[in-house]
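Grab a pencil and work through these exercises with the model open beside you. Try each task yourself before you read its solution.

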Amino acid sequence: MTDTNDPPDDGDDDRHGISDRHGDEIDEDSKGRQLDRVRENPEGEYLTTDHGVRVEHTDDSLKAGGRGPTLMEDFHFREKMTQFDHESIPERVVHARGTGAHGYFQPYGDPDLGEYDDISELTKASFLQDSDRKTPVFVRFSTVVGSRGSADTVRDVRGFATKFYTEDGNYDLVGNNMPVFFIQDAIKFPDLVHAIKPEPDDGTPQASAAHDTFWDFASLMPEISHMLMWVLSDRALPRSYRMMEGFGVHTFRFVNDEGDSRFVKFHWKPRYGTHQLVWDETQKIAGKNPDFNREGLYEAIENGQYPEWELGVQIVEEDETGRFDFDLLDPTKIIPEEEVPVRPLGKMVLDETPDNFFAETEQVAFHPGNVVPGIDFTNDPLLQGRLFSYQDTQLNRFNSANWDEIPINRPLAKKHTNQRAGFMRQTINEGRASYSPNSLGEDYPEETPEDEGGYVHHAEKVEGEKIRERSESFHDHFTQAKLFWNSMTETEKQHIVDATHFELGKVDTMAVRERMVYEIFNNVDHELARRAAEGIGVDPPEKPGEHHTDHDADSPALSMENTVTDTIESRTIAILVDDGFDRAHLETLTERLEDEGATVKVVSRLLGERTGADGETVETDESHVTTGSIVFDAVVVPGGSDSVDALTEQGDAKSFVAEAFKHYKPVGAIGEGRSLLERVDLPDEYDTDGDGVTTVDGLVTAGGDDLETFANEFVDAIAAHRHWERTQKEVPA
Ligand code: HDE
């Protein structure tokens with residue numbers, strides 16, 4: 001009999017030439033193929049009951065006469081309604097709102113591992129060894145605080161959870177887009193989550209930390225300081241999931257065949273760079289398109305602009321931990337990348353969207369305790385607590401210990417246990433013996449010795465007294481928060497200060513605002529404390545707090561400005577037109593931008609066709625009703641006098657450009673298109689009248705017909721992402 005975990009028995013080892021249901025070539029042991037076995041498509045099929053009986057009529061219940069009562073015997077009605085009544089499961093207590101995608105991980109052939117020769121010297125994890133072997137993955141991205149139906153673009157940490165379906169079993173790397181955490185010990189997690197979630201009396205606010213209980217808690221918990229810097233920074237406002245870093249947060253272990261163990265920190269580096277939205281934009285997007293990040297993920301994949309990350313590790317020998325002035329087991333600390341470089345191991349590509357949100361993204365269940373030989377834990381007290389919590393929470397979500405049997409969670413590796421029962425058991429295990437040892441089943445399933453792949457925990461020596469206390473080595477809460485602040489550019493610092501004004505501005509209790517300024521910010525950095533205080537009605541402190549550190553060390557890797565700025569791949573650009581637009585401008589630019597890997601959308605006052613000056617039409621992709629500049633990375637206005645005359649009369653077109661300007665985005669205009677910029681009343685230094693191509697602070701204009709130079713400069717301006725150097729004037733947007 002076939003076990004659904006078994007690889008298909010086609011026999012030969014040629015991994016190519018097998019097609020999935022879309023006709024695409026897939027690996028024979030891919031997750032897609034495993035999922036194909038349970039996929040169903042109603043095309044051409046009859047509607048049936050849950051038990052396969054064909055349904056003749058589903059629009060009226062069975063009644064005693066047209067105006068009579070509904071009859072109990074209507075099995076179709078009862079079944080349909082019962083299914084409906086039970087079709088929700090509890091949302092995740094945190095990370096409820098998320099989206100996911102399938103893809104693969106592929107190790108590099110000859111990665112630069114510094115002093116180490118090859119990966120096998122570091123770990124025996126098989127999925128990291130062979131550059132010919134792609135391991136299927138499913139990744140779920142999420143916000144933390146908001147409910148399942150909340151908006152994507154809130155200020156929050158983003159979850160970045162990856163399930164690797166390796167040949168040695170599932171490995172879950174359940175990380176975040178920030179490398180540190182709020183608390184040091186898992187026992188504080190329920191307190192943290194209670195404080196940050198909507199307040200228990202009135203259930204507000206949704207998906208936001210900006211309320212009294214969170215900041216009350218924060219102001220009393222100095223260990224939160226470093227994480228607060230991240231959450232108040234633009235890291236909490238990612239432009240898209242494919243443009244954020246990921247981190248394992250805790251220190252883990254790599255273990256090789258000889259049993260040698262080293263400490264590692266996991267990093268995901270995005271191919272498209274680490275980019276942000278601006279705060280004003282995030283709030284508007286939350287109204288205009290609350291699904292912005294999830295739609296962006298799907299669109300990028302469907303356009304072939306596959307999200308991609310490089311997986312890397314920082315490696316520390318066990319006997320080298322003394323070189324740091326913090327404890328590697330403390331999850332509120334990073335190892336600066338300048339001190340210990342991130343060594344690249346391979347890349348992950350997301351190239352397939354799920355077919356069914358519930359069955360895949362909602363039912364996927366992660367657990368940091370899912371590790372494979374070669375990867376092990378440390379005594380980080382936050383990690384240790386997580387090892388309990390995730391199994392437990394899945395029991396709550398699925399109401400069954402068999403959550404691992406659901407297709408999205410099922411390993412590709414063979415699975416044989418002595419568990420055979422429980423709610424919703426899927427597997428039909430044969431045989432009488434479901435215990436170990438047994439003689440009736442010839443002692444199968446049998447244990448695997450370590451050298452044949454059995455998981456053996458690293459034999460760390462552990463000795464201690466039973467105590468409830470925090471290690472001395474966890475006591476410095478401000479040095480790295482200051483390191484983060486020092487590493488920010490002035491723009492990034494200003495964004496952090498602005499964030500304190502919003503977040504604490506929403507706090508009613510003055511004592512909480514004061515405690516945040518005096519007990520937390522003033523111990524991180526005196527200037528930060530003074531600037532924060534000014535916006536929230538608190539007297540700025542006269543001198544630095546008693547725990548502040550004076551160090552001026554920085555880590556350039558922490559600034560989002562030191563990121564990839566040489567590609568426009570997967571960016572979205574709006575072209576604003578009305579009837580009478582210049583076709584050469586539209587077509588030349590569209591072609592060039594698409595060649596560079598961007599997506600171009602024609603935006604106009606209404607959907608439907610717009611007619612160019614040459615009498616030919618173009619289809620509008622989005623109207624001002626359905627979109628806004630907030631969801632684009634850049635905007636360009638082609639020439640064509642009738643088109644531009646019409647645009648200059650439209651408030652929506654003007655605010656489109658004005659908002660793009662206000663949000664520091666590249667704005668381009670060609671020929672007559674420049675008069676729309678004039679109508680927007682930009683600050684004086686942005687002169688748009690020149691003859692040739694002029695670029696100032698991401699504002700690119702062309703007087704003549706030199707489209708090639710225009711396109712080159714516009715592409716560079718988009719690649720740079722946002723133009724913080726731009727002078728802001730009170731642009732009415
Ligand atoms: Fe989680 N976390 N967490 N967490 N976490 C959950 O598990 C928990 C922590 C993270 O897309 C829950 O299945 C405790 C750190 C992600 O399905 C729950 C502690 C990091 C996701 C849980 C932490 C994370 C979760 C809720 C402190 C980054 C979403 C639903 C000890 C390294 C996974 C679920 C997905 C989800 C507990 C701290 C990442 C309740 C007790 C640190 C990405 O089990």
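**Exercise 1.** In this predicted model, which residue's side chain meets the side chain of arginine 271 in a salt bridge? Then work out where the two partners sit in the chain, and whether each is buried or partly exposed.

*Solution.*
Step 1: Look for the partner. The side chain of arginine 271 pairs with that of glutamate 569, with 2.4 Å from N to O.

Step 2: Place both residues. Arginine 271 is in the loop between strand S9 (261-270) and helix H7 (279-288), while glutamate 569 is in the loop between helix H14 (526-535) and strand S13 (572-576). They are 298 residues apart, and the pair links distant parts of the chain.

Step 3: Check the accessibility. Buried means under 20% relative accessible area, and exposed means over 50%. Arginine 271 has 36%, so it is partly exposed. Glutamate 569, at 23%, counts as partly exposed too.

**Exercise 2.** Find the salt-bridge partner of arginine 583 and describe the pair in the same way.

*Solution.*
Step 1: The side chain of arginine 583 meets the side chain of aspartate 614, at 2.5 Å from N to O.

Step 2: Arginine 583 belongs to helix H15 (residues 583-595), and aspartate 614 to the loop between strand S15 (608-611) and strand S16 (617-620), so this salt bridge ties together parts that are 31 residues apart in sequence.

Step 3: Arginine 583 has a relative accessible area of 15%, so it is buried. Aspartate 614 is at 43%, which makes it partly exposed.

Step 4: Now go one step beyond pairs. Asp36, Arg39, Glu352 and Asp355 are joined into one network by salt bridges that share partners. How many salt bridges does the structure hold? The count is 44.

**Exercise 3.** Arginine 92 turns up in a salt bridge and also beside the ligand. Track down both contacts.

*Solution.*
Step 1: Begin with the salt bridge. The side chain of arginine 92 meets that of glutamate 362, with 3.7 Å from N to O. Why does this pair tie together parts that are far along the chain from each other? Arginine 92 lies in the loop between helix H2 (75-85) and strand S3 (98-107), and glutamate 362 lies in helix H9 (residues 357-362), so the joined parts are 270 residues apart in sequence.

Step 2: Check accessibility. Arginine 92 is buried at 10%, and glutamate 362 is buried at 2%.

Step 3: Turn to the ligand. A polar side-chain atom of arginine 92 is 2.7 Å from one of the ligand's oxygen atoms. Arginine 92 is also among the residues that come nearest to the ligand, along with Arg140, Arg386, Tyr390 and Gln394.

**Exercise 4.** Describe the shell of residues around the ligand.

*Solution.*
Step 1: Count and sort. There are 23 residues around the ligand, and by class they are 11 nonpolar, 9 polar and 3 charged.

Step 2: Add two further polar side chains. An N or O atom in the side chain of histidine 95 is 3.4 Å from a nitrogen atom of the ligand. For glutamine 394, such a side-chain atom is 2.8 Å from a ligand oxygen.

Step 3: Trace the shell back to its elements. Strand S5 (158-166), strand S6 (169-176) and helix H10 (381-398) are the elements that give two or more residues. Which of them gives the largest share? H10 does, with 6 residues.

Note on methods. Residues numbered from 1 in each chain as written. Predicted model: local features only at pLDDT ≥ 70, side-chain atom pairs only at ≥ 80, totals over all residues. Heavy atoms only, no water. Near = heavy atom within 4 Å. Polar contact = N/O pair within 3.5 Å; in protein donor to acceptor, adjacent residues only side chain to side chain. Helix = DSSP H or I, 4+ residues; strand = E, 2+ residues; numbered from the N terminus. Nonpolar A, V, L, I, M, F, W, Y, C, P; charged D, E, K, R; others polar. Salt bridge = Lys/Arg side-chain N within 4 Å of Asp/Glu carboxyl O. Buried < 20%, exposed > 50% of the residue type's maximum accessible area, 1.4 Å probe, protein only.
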